[in-house]
Amino acid sequence: MTTEEDRRKTARWSDVEAAEPAFARTVRERFEQFKHHVLATVRKDGAPRVAGLEADFRNGELWLGMMANSRKALDLRRDPRFALHANPGADASMAGGDARVSGRAIEVTDPEVIARYVAEVEPPQPFHLFRVELTEVVRITVDDPDLVVRVWCPDGRGLRTLRRGSDAAPPREER
């Protein structure tokens with residue numbers, strides 16, 4: 001069950017767009033390069049489960065739709081925590097870098113919201129629809145020789161940039 005305190009620690013996609021529009025645009029564009037991505041959920045026994053998934057940015061929200069009674073949907077119903085990694089592409093080039101989001105997936109049960117989504121998207125039915133409450137948005141690129149990790153969380157710290165080299169030194173935070 002999501003508590004009020006949990007809600008204050010999460011954000012909708014529109015919150016990311018409002019706080020950091022350029023960053024949000026690059027993350028969204030990275031996800032939109034490919035149709036299928038990798039979703040991690042928590043299985044009943046506590047182990048991670050990974051599965052393919054389509055993600056949809058629409059009306060200021062990040063939506064996750066999935067087949068009725070799929071394992072990932074049942075996982076999210078029981079434990080809404082997830083991580084979603086953008087499809088890395090067809091080769092090792094990681095064109096456009098890397099992007100991932102994590103948070104909680106909240107199942108949508110409101111018939112009006114589902115009807116609007118169905119009218120816009122026309123998903124195969126029956127299906128489960130989840131709205132994402134974000135706890136972290138990450139974008140990783142290479143600025144040779146460094147790996148550049150940009151992280152946004154709804155904790156008030158804003159967008160942070162960390163650089164790390166290929167040595168054993170800890171990451172350096174840019175100000």
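**Y117 and its surroundings**

User: Leaving aside its neighbours within four places in sequence, which residues is Y117 in contact with?

Analyst: Good place to start, and keep in mind that this is a predicted model. Y117 sits in helix α5, which covers residues 111-121. Beyond its neighbours within four places in sequence, Y117 is in contact with D56, R58, W63, E122, P123, F127 and L129.

User: Is Y117 buried or exposed?

Analyst: The cut-off to remember is that buried means under 20% relative accessible area. Y117 has a relative accessible area of 8%. That value falls under the cut-off, so Y117 is buried.

User: With which residue does the side chain of Y117 make a polar contact?

Analyst: A polar contact needs a pair of N or O atoms within 3.5 Å. The side chain of Y117 has such a partner at 3.2 Å, and the partner is the side chain of D56.

User: How are the rings of W63 and Y117 classed as a pair?

Analyst: By the ring-pairing rule there are 4 aromatic pairs in the model. In the pair of W63 and Y117, the ring centres are 5.7 Å apart and the planes meet at 50°. Planes under 30 degrees apart would count as stacked and those over 60 as edge-to-face. An angle of 50° fits neither class, so the pair is tilted.

User: How many residues apart in sequence are the parts that this pair ties together?

Analyst: Both W63 and Y117 are buried. W63 belongs to strand β3 while Y117 belongs to helix α5, so their pairing ties together parts of the chain whose separation in sequence is 54 residues.

User: What phi does E122 take just after α5?

Analyst: Let's look at the two ends of this helix. At the start of α5, a side-chain oxygen of D110 comes within 2.8 Å of the backbone nitrogen of E112. Just after α5, E122 has a positive phi, with a value of about 55°.

User: Which element gives the largest share of the lining of the largest pocket?

Analyst: The largest pocket has a volume of about 560 Å³. Its lining takes two or more residues from each of α3, β1, β2, β3 and α5. The largest share is 7 residues, and the element that gives them is β2.

User: How many residues of the lining of the largest pocket are nonpolar?

Analyst: The lining has 27 residues, with K35, L53, E54, A55 and G65 lying nearest the pocket's centre. Of the lining residues, 6 are polar and 7 are charged, and the number of nonpolar ones is 14.

User: Which residue shares a side-chain polar contact with H128?

Analyst: H128 lies in strand β6, residues 127-143, and is buried at a relative accessible area of 7%. Not counting residues up to four places away in sequence, H128 touches several residues, among them L64, G65, R77 and E107. The side-chain polar contact spans 2.9 Å, and the partner of H128 is E107.

User: How far apart in space are G60 and H128, C-alpha to C-alpha?

Analyst: G60 is in the loop between β2 and β3, and at 21% relative accessibility it counts as partly exposed. Its contacts, leaving aside neighbours within four places in sequence, are R12, W13, S14 and E17. In sequence G60 and H128 are 68 residues apart, and in space their C-alpha separation is 19 Å.

Methods: Residues numbered from 1 in each chain as written. Predicted model: local features only at pLDDT ≥ 70, side-chain atom pairs only at ≥ 80, totals over all residues. Heavy atoms only, no water. Helix = DSSP H or I, 4+ residues; strand = E, 2+ residues; numbered from the N terminus. Buried < 20%, exposed > 50% of the residue type's maximum accessible area, 1.4 Å probe, protein only. Contact = heavy atoms within 4.5 Å. Polar contact = N/O pair within 3.5 Å; in protein donor to acceptor, adjacent residues only side chain to side chain. 1 Å grid on protein atoms, 1.4 Å probe; cavity = no way out; pocket = protein on both sides within 12 Å on 5 of 7 lines; lining within 4 Å. Points joined across faces, edges and corners; volume = space filled by probe spheres on them. Nonpolar A, V, L, I, M, F, W, Y, C, P; charged D, E, K, R; others polar. Phe/Tyr/Trp six-rings, centres within 6.5 Å; stacked < 30°, edge-to-face > 60°.
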